[in-house]
Amino acid sequence: VEDGLCPDLILADVVLPEGMSGPEIAEAVTERVPACRRLFMSGYTADALIHDGRIDADVVLLSKPFPSGPLAEKIREVLDAPPGGAP
């Protein structure tokens, strides 16, 4: 949004060392750019993250570690999904 730039996608780790979490950062971005898609990654399992309340069950999560091929495929899937819908 700064300087006329408008991101199409935010890719963030769910758990970050200090400050805001990935979902908090994504929320801040999508408040300013509602059409921005979200893709999260984590070394923790989705079940553990949901149980701890770090993510909602409907987020798109890529489990680490991952090679670049599945990352590219997941990015394409998220960008091609209808707005507001999970791929």
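The following exchange goes through the reasons behind several labels used for this predicted model.

Biologist: Before the labels themselves, how confident is the predictor in the protein, and where is confidence lowest and highest?

Modeller: The mean pLDDT of the protein is 87, and 93% of its residues reach 70 or more. Confidence is lowest in helix H2 (residues 46-51), at a mean of 84, and highest in S1, at 94.

Biologist: What makes serine 42 count as buried or exposed?

Modeller: Buried means a relative accessible area under 20%, and the value for serine 42 is 1%, so this residue is called buried. Serine 42 lies in strand S2, which spans residues 37-42, and, leaving aside neighbours within four places in sequence, it is in contact with Asp13, Val14, Leu49, Leu61, Leu62, Ser63 and Lys64.

Biologist: Which backbone atom lies 2.9 Å from a polar atom of the side chain of serine 42, and why would that be called a polar contact?

Modeller: That atom is the backbone nitrogen of tyrosine 44. A polar contact requires a pair of N or O atoms within 3.5 Å, so the distance of 2.9 Å satisfies that cut-off.

Biologist: Why is the pair formed by aspartate 13 and lysine 64 called a salt bridge?

Modeller: The side chains of aspartate 13 and lysine 64 meet with an N to O distance of 2.5 Å, and because the cut-off is 4 Å, the pair qualifies. Aspartate 13 belongs to strand S1 (residues 9-13) and lysine 64 to the loop between strand S3 (61-63) and helix H3 (68-80), so this salt bridge ties together parts that are 51 residues apart in sequence.

Biologist: What makes the two partners, aspartate 13 and lysine 64, buried, partly exposed or exposed?

Modeller: Aspartate 13 has a relative accessible area of 14%, which is under 20%, and is therefore buried. Lysine 64, at 34%, falls between the limits of 20% and 50% and therefore counts as partly exposed.

Biologist: How many salt bridges are there by this rule, and where do glutamate 27 and arginine 38 lie?

Modeller: The count comes to four salt bridges. One of them joins the side chains of glutamate 27 and arginine 38 at 2.8 Å, N to O; this pair links distant parts of the chain, with glutamate 27 in helix H1 (residues 22-32) and arginine 38 in strand S2, 11 residues apart.

Biologist: What sets the pair of arginine 76 and aspartate 80 within one helix, and why do their exposure labels read as they do?

Modeller: Both residues lie in helix H3, four residues apart, about one turn of the helix, and their closest N and O atoms are 3.2 Å apart in a salt bridge. Arginine 76, at 47%, does not pass the 50% limit and is therefore partly exposed, whereas aspartate 80, at 54%, is over it and is therefore exposed.

Biologist: How do you know that the buried residues of H1 are on the same side of the helix?

Modeller: The buried residues of H1 are Gly22, Pro23, Ala26 and Thr30. They cover an arc of only 90° around the axis, which puts them on the same side of H1. These buried residues pack against S1 and S2, while on the other side of H1 Glu31 and Arg32 are exposed.

Biologist: Which residues make up the largest nonpolar core, and what lies apart from it?

Modeller: The largest nonpolar core has 10 residues: Ile10, Ala12, Val14, Ala26, Val33, Cys36, Phe40, Leu49, Ile55 and Leu61. Apart from that core lies another, of five residues, among them Leu39, Val60, Leu62 and Leu71.

Notes: Residues numbered from 1 in each chain as written. Predicted model: local features only at pLDDT ≥ 70, side-chain atom pairs only at ≥ 80, totals over all residues. Heavy atoms only, no water. Helix = DSSP H or I, 4+ residues; strand = E, 2+ residues; numbered from the N terminus. Buried < 20%, exposed > 50% of the residue type's maximum accessible area, 1.4 Å probe, protein only. Polar contact = N/O pair within 3.5 Å; in protein donor to acceptor, adjacent residues only side chain to side chain. Contact = heavy atoms within 4.5 Å. Arc of directions from axis to C-beta. pLDDT = per-residue confidence, 0-100. Core = buried A, V, L, I, M, F, W, Y, C linked by side-chain atoms within 4.5 Å.
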